[in-house]
Amino acid sequence: MSLDGRYDESNVFALILQGKIPSTKLYEDEHTYAFLDIQPQSKGHALVISKWSKARNILEIEPEALCQVMASVRKVAGAIRAAVQPDGIHIAQFNGAPAGQTVFHLHVHIVPRWEGGPMGFSAHAQGDFADADALNALADEIRAHL
Ligand code: 5GP
């Protein structure tokens with residue numbers, strides 16, 4: 001998928017918002033939803049999306065929706081920091097398949113990073129914290145800081 005195209009109402013994040021597939025929720029407000037990535041790049045890898053914008057990428061998103069998403073990114077990043085104590089936090093957002101985008105509902109990644117750890121994005125989950133029980137336990141820890 002390139003930068004141009006139509007919003008697919010059945011993309012995986014639209015289905016999460018509709019409650020049709022499960023997700024490990026961290027935070028939700030009127031406009032945004034934050035949840036743990038199912039294939040985490042590191043412990044605490046989370047995603048934040050708009051609940052109402054049909055933007056596929058940064059070029060399409062309404063400034064208001066972007067502000068709402070980034071305000072939630074800031075909030076959730078703080079809770080993740082408190083919960084998992086990273087040395088750094090990577091905030092990332094990909095636009096178009098050649099840039100690494102695989103889900104075409106705009107989303108912002110929050111990826112905790114540690115000194116000496118991997119910095120890039122891999123096609124596979126990193127570490128042993130991707131199973132459902134581990135994600136749920138981690139979400140409890142992060143939510144306790146919100
Ligand atoms: P992108 O490469 O499009 O920026 O990132 C999409 C992200 O969504 C990937 O990190 C991928 O692991 C995550 N993802 C894909 N499908 C699901 C899903 O069903 N649930 C969750 N929680 N994350 C997903």
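**Figure 1. Placement of His105 in the predicted model.** In this predicted model, His105 belongs to the loop that joins β4 (88-92) and β5 (107-113). The relative accessible area of His105 is 2%, and the residue is therefore buried, the cut-off for this class being under 20%.

**Figure 2. Surroundings of His105.** A polar contact links the side chain of His105 to the backbone oxygen of Ser50, at 3.0 Å. Apart from neighbours within four places in sequence, His105 is in contact with Tyr7, Asn11, Phe13, Ala14, Leu17, Ile49, Ser50, Ser53, Ala55 and Arg56. Ser50, whose backbone oxygen is reached by the His105 side chain, is thus listed here along with Phe13, a residue shown again in the next view.

**Figure 3. The aromatic pair Phe13 and Phe35.** The structure contains 3 aromatic pairs. In the pair of Phe13 and Phe35, the ring centres are 5.4 Å apart and the planes stand at 80 degrees, so the arrangement is edge-to-face; the class requires an angle over 60 degrees. Phe13 is part of helix α1 (residues 12-17) and Phe35 is part of strand β2 (residues 32-36), so the pair ties together parts separated by 22 residues in sequence. Phe13 and Phe35 are both buried.

**Figure 4. The aromatic cluster.** Phe13 and Phe35 are joined by Tyr33 in one aromatic cluster. Phe13 is also among the residues in contact with His105.

**Figure 5. Arg113 and the ring of Phe121.** The charged end of Arg113 is positioned over the ring of Phe121. The distance from this charged end to the centre of the Phe121 ring is 5.6 Å.

Key:
Residues are numbered from 1 along each chain as its sequence is written. This is a predicted model: local features need pLDDT of at least 70, side-chain atom pairs count only at pLDDT 80 or more; totals for chains, interfaces and linings use all residues. Side-chain values use heavy atoms; hydrogens and water are left out. Rings of Phe, Tyr and Trp (its six-membered ring) pair if their centres lie within 6.5 Å; planes under 30 degrees apart count as stacked, over 60 as edge-to-face and the rest as tilted. Helices (H or I, at least four residues) and strands (E, at least two) are DSSP runs, numbered from the N terminus. Buried means under 20% relative accessible area, exposed over 50%, partly exposed in between (1.4 Å probe, protein chains only). A charge sits over a ring if NZ of Lys or CZ of Arg is within 6 Å of the ring centre and within 35 degrees of the ring normal. A polar contact is a pair of N or O atoms within 3.5 Å; within protein, one must be able to donate a hydrogen and the other to accept it, and residues adjacent in sequence count only if both atoms are side-chain atoms. Contact means heavy atoms within 4.5 Å.
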